[in-house]
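Student: Could you take a close look at the aromatic side chains of this model, and then follow the thread outward to charges and packing? I would like the cut-offs stated wherever a classification depends on them.

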Amino acid sequence: MNSAIPSRELPSCLQRDEEVLSPDTDGQDRKKDGKPGSPSGNSSHLAYGILDVPPWYLCIFFGIQHFLTALGGLVAVPLILAKDLCLQHDPLTQSYLISTIFFVSGICTLLQVFLGVRLPILQGGTFAFVAPSLAMLSLPAWKCPEWTLNASQVDPSSPEFTEEWQKRIRELQGAIMVASCVQILVGFSGLIGFVMRFIGPLTIAPTISLVALPLFESTGEDVGIHWGISSLTIFLIVLFSQYLKNVAVPVPVYEGWKKYRTAKFYVFQVFPVLLALCLSWLLCFVLTITDVLPSAPTDPGYLARTDSRGSVLSQAPWFRIPYPGQWGLPTVSLAGVFGIIAGVISSMVESVGDYYACARLAGAPPPPKHAINRGICIEGLGCLLAGAWGTGNGTTSYSENIGALGITRYVDMNSSRNIFIFGFSIYCGLVIPSWVNRNPEKLQTGILQLDQVLQVLLTTSMFVGGFLGFLLDNTIPGSQEERGLLAWSQIYKESETTLQASKVYGLPWGAGTRFCTCSCARVLPFWPKPGQEDAGHRPNEPLLLSILSRAPEYQDQMAAGSANQTTQDHQPRSHLAP
């Protein structure tokens, strides 16, 4: 056997000491050996394919890394909302909100990977809801009293203070729960497929770009707590994930009773975030016990100390289980519902792009319509649970925005039309909310509820940018290819006929395919379609010919064989196996 082929007993990121390979080479060799590591057969850059099961000990570290990767976003949402909820001087209640959003995110992640789109996507708090929430809380009726801004006048245990912040979060709860029903209906009915006919990359790109762009100020404030530690963490993540990803580290491997051998593990490729955060925290711990970092709470850099939140650790209970309605009965207002619905629309558009991006990065086939419908429906259910538990936020897919922005490559950005639409949408998405925040009196129509709805919508950057992108892209003349809709629809169609799609996106235990195949369930938009259950198990010659005919190498072979067509007619065609 060729020495370049890795051992079958080890995962692809663990190689024998004498068989150190990059993941690319490993994937190619595994395909040569007839056992591809992923259903799509094109994930050679992955240590594990979408259907591979890593060893249990690596799963623990993978889970910790996912947790730490999402930690910043999950913690940031309650901290950003804390000031407008009048909680900036109550870190204990902030910790309760953080624990609640972690708890609900775990439940929603299990629902998504088990019953939803079934891709490895973490569910968590969404910045798409932060902007409309802040816009709603900035209305005169919900502005915090002056005394809550003074730490010396705040008594977190007083009923008056408790009512001040709880009535605000109850208002957010009601708006989120009502708006989430819209998302559940869209996913359950399959309406997202109809809507996506008119929503192209030029709508998605400005929408998801403006989800986080308006939050740069608060992000800069958090990073500015200690620029040295922040810069070190970013540097380490880049160093490990980009420069040292192909460096193998020798590790001992247990093979049985008193049997060990040495293998090499691509630790920097697998755990870049985990290692960077651990090293940065260790440095902060050393600087804390040596009193290098300032000890006065008012000094810059104090929050970089590992004991800066020590009082919260001493006051908070060791175990606390959140429950629905823990802050009281939710309330509903028209302005809040319309604002959060704008966030729901943006979240759905972002999630569809995230599904395709995650499938591409995970080496999975593009998600079919029924999987997308289930994913949107489950995300709506997650938002309903988040509202009921009182996180002050909803849930969405935690996939990197830059991965979703990659779909703009279906778009011709050499077109002056597309450049205008994208640039104008981004520009207006930043300018209009800024102007409305400075001039709220200009929106006085005489109807209080309408004024509140307009202020919430027009101060939500992603709504303004996404709406303008949608309007201009569907009104300014342009070809389907120029707009990117042709490539978008092509991926959408191919996702329905991918040979291995049923293995990845089918319901658990064969529901909808081998079992539960009643005629009533077949018409449901989120139910796997009959006939797809065996697509990944037996050759489908017409489908294969259709797919292969688009490949350049296959066309070359067909052209070369056209000269001896008579001979070819006597050759069996059953060799076209997947």
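Tutor: A good place to begin is F420, which counts as partly exposed because its relative accessible area is 42%, a value that lies between the 20% limit for buried and the 50% limit for exposed. The model is a predicted one, and the values that follow should be read with that in mind. F424 is likewise partly exposed, at 33%. These two phenylalanines are four residues apart in helix 16 (residues 416-438), so they are separated by about one helical turn. An α-helix has 3.6 residues a turn, so residues three or four places apart point the same way.

To place this in context, a search of the whole structure finds seven aromatic pairs. One of them joins F103 and W389, whose ring centres are 6.2 Å apart and whose planes meet at 40°, so the pair is classed as tilted, the angle falling between the limits of 30 degrees for stacked and 60 degrees for edge-to-face. This pair links distant parts of the chain, since F103 belongs to helix 3 (residues 91-115) and W389 to helix 14 (residues 369-389), with their positions 286 residues apart in sequence. F103 is partly exposed because its relative accessibility is 32%, whereas W389, at 14%, is buried. Returning to F420 and F424, their ring centres are 5.4 Å apart and their planes are at 25°, so this pair is stacked.

A ring can also face a charge: the charged end of R320 sits over the ring of Y96, 4.3 Å from the ring centre.

From there one can turn to charges that meet other charges, for which the count comes to six salt bridges. Among them is the one between R170 and E163, whose closest N and O atoms are 3.0 Å apart; R170 is buried, with a relative accessible area of 13%, while E163 is partly exposed, at 40%. In helix 5, K167 and E164 are three residues apart, about one turn of the helix, and they form a salt bridge with a closest N to O distance of 3.9 Å, which is within the 4 Å limit. K167 is partly exposed, with 29% relative accessibility. R168 and E164, four residues apart in helix 5, meet in a salt bridge at 2.9 Å, N to O, and both of these residues are buried. Through shared partners, E164, K167 and R168 are joined into one network.

Lastly, consider the nonpolar packing. The largest nonpolar core has 35 residues, of which L119 and Y505 touch the most other members. Helix 5, helix 7 (201-212), helix 13 (334-361), helix 14 and helix 21 (501-505) each give two or more residues to this core, and helix 13 gives the most, with ten. Beyond its neighbours within four places in sequence, L119 is in contact with residues including I50, Y355, C358, V504 and Y505. A second, separate core of 28 residues includes A82, L85, M136 and L172. A82 is also touched by L87, a residue placed in the loop between helix 2 (56-82) and helix 3 and buried at 0% relative accessibility.

Methods
Residues are numbered from 1 along each chain as its sequence is written. This is a predicted model: local features need pLDDT of at least 70, side-chain atom pairs count only at pLDDT 80 or more; totals for chains, interfaces and linings use all residues. Side-chain values use heavy atoms; hydrogens and water are left out. Rings of Phe, Tyr and Trp (its six-membered ring) pair if their centres lie within 6.5 Å; planes under 30 degrees apart count as stacked, over 60 as edge-to-face and the rest as tilted. Buried means under 20% relative accessible area, exposed over 50%, partly exposed in between (1.4 Å probe, protein chains only). A charge sits over a ring if NZ of Lys or CZ of Arg is within 6 Å of the ring centre and within 35 degrees of the ring normal. Contact means heavy atoms within 4.5 Å. A nonpolar core is a set of buried Ala, Val, Leu, Ile, Met, Phe, Trp, Tyr and Cys residues joined through side-chain atoms within 4.5 Å. A salt bridge is a side-chain nitrogen of Lys or Arg within 4 Å of a carboxyl oxygen of Asp or Glu.
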